[in-house]
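The following paragraphs lead the reader through one protein chain, from a single residue to the overall fold and back to local detail. Please keep the sequence and the structure in view while reading.

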Amino acid sequence: MLHSRVARSNIILLQALGARVRVIGPSTLLPAGIERFGVEVFTDMRKGLSGCDIVMMLRLQRERMNGSFVPSVKEYFRYYGLDADKLALAAPGALVMHPGPMNRGVEISSEIADGAQSLIREQVEMGVAVRMAVLEALAMHLPNA
């Protein structure tokens, strides 16, 4: 979350739509004061996932990390990667989302990313369509449009 524009935008939008939002991550990747966004904050993924209806994962942006935010990718997946055991802690039938691109085996297992509860393919596909529609609407207001 520390480097994620997607997370901040989603928090604002989801709360405007009435969703109760939780953020889960190692303290090194949580922005200072994140609780001021009105979210529940967890550093223990198992506790944070308990009873969730939708789980949205974010990409671990290693290219933006100058320090040692996580001990290793393997360690990160062990504690924060979404796998079948962790997803089982969410509500029955919980849906899985990820805006892409994904680091399989880092923030999400392939089994979950491609599984029956995953909406990732549809989410990414619709994201492209929405961006195209927004660009077209904006372009219509340009001079000489």
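In which loop is Cys 52 found? In this predicted model, Cys 52 belongs to the loop between α2 and β3, the strand formed by residues 54-56. Is Cys 52 buried or exposed? Because its relative accessibility is 13%, and buried means under 20%, Cys 52 counts as buried. Setting aside neighbours within four places in sequence, Cys 52 is in contact with Arg 22, Ala 90, Ala 91 and Ala 94. One of these partners, Ala 94, is 42 residues away from Cys 52 in sequence, yet the two C-alpha atoms are 6.7 Å apart in space.

The chain as a whole may now be considered. It contains six helices and four strands, and these follow one another along the sequence in the pattern α-β-β-α-β-α-α-β-α-α. The C-alpha trace spans about 55 × 35 × 30 Å along its principal axes. Of the 145 residues, 34% count as buried. Among contacts between residues at least 6 apart in sequence, 62% join residues that are at least 24 apart. The chain exposes about 9200 Å², and carbon and sulfur atoms supply 58% of this area. As for charge, there are 16 positive and 14 negative side chains, and the centres of the two sets lie 6 Å apart.

The interior comes next. In soluble globular proteins, nonpolar side chains tend to be buried together. Here the largest nonpolar core has 20 residues, and those with the most contacts inside it are Val 55, Tyr 76, Leu 82, Leu 87, Val 96 and Ile 108. The helices α2 (45-49), α3 (73-80) and α5 (110-113) each supply at least two residues of this core. Apart from it lies another core, of eight residues, including Met 1, Val 23, Ile 34 and Val 39. Within the chain, Leu 82 touches many residues more than four places away in sequence, among them Met 45, Leu 49, Phe 77, Ile 108 and Ile 112.

Helix α3 deserves a closer look. Which of its residues are buried? They are Tyr 76, Phe 77 and Tyr 80. These three cover an arc of only 100° around the axis, and therefore they lie on the same side of α3. A general property of helices is helpful here: an α-helix has 3.6 residues a turn, so residues three or four places apart point the same way. The buried residues of α3 pack against β1 (22-24), α2 and α4 (84-87). On the face turned away from this buried side, α3 carries the exposed residues Lys 74 and Arg 78.

Strand β4 (95-97) offers a further example. Met 97 lies in this strand and is buried, with a relative accessible area of 18%. Beyond its neighbours within four places in sequence, Met 97 is in contact with Ile 54, Val 55, Met 56, Met 57, Leu 119, Ile 120 and Gln 123. Met 97 and Gln 117 are 20 residues apart in sequence, and 8.9 Å separates their C-alpha atoms.

The last feature concerns the backbone. Most residues other than glycine have a negative phi, and most peptide bonds are trans. Where does Pro 101 lie? Pro 101 is in the loop between β4 and α5. A cis peptide bond joins Gly 100 and Pro 101, with omega about -10°.

Methods
Residues numbered from 1 in each chain as written. Predicted model: local features only at pLDDT ≥ 70, side-chain atom pairs only at ≥ 80, totals over all residues. Heavy atoms only, no water. Buried < 20%, exposed > 50% of the residue type's maximum accessible area, 1.4 Å probe, protein only. Contact = heavy atoms within 4.5 Å. Areas by Shrake-Rupley, 256 points an atom, 1.4 Å probe, with all protein chains shown as cover. Lys, Arg positive; Asp, Glu negative; His and termini not counted. Charge placed at Lys NZ, Arg CZ, Asp CG, Glu CD. Core = buried A, V, L, I, M, F, W, Y, C linked by side-chain atoms within 4.5 Å. Arc of directions from axis to C-beta.
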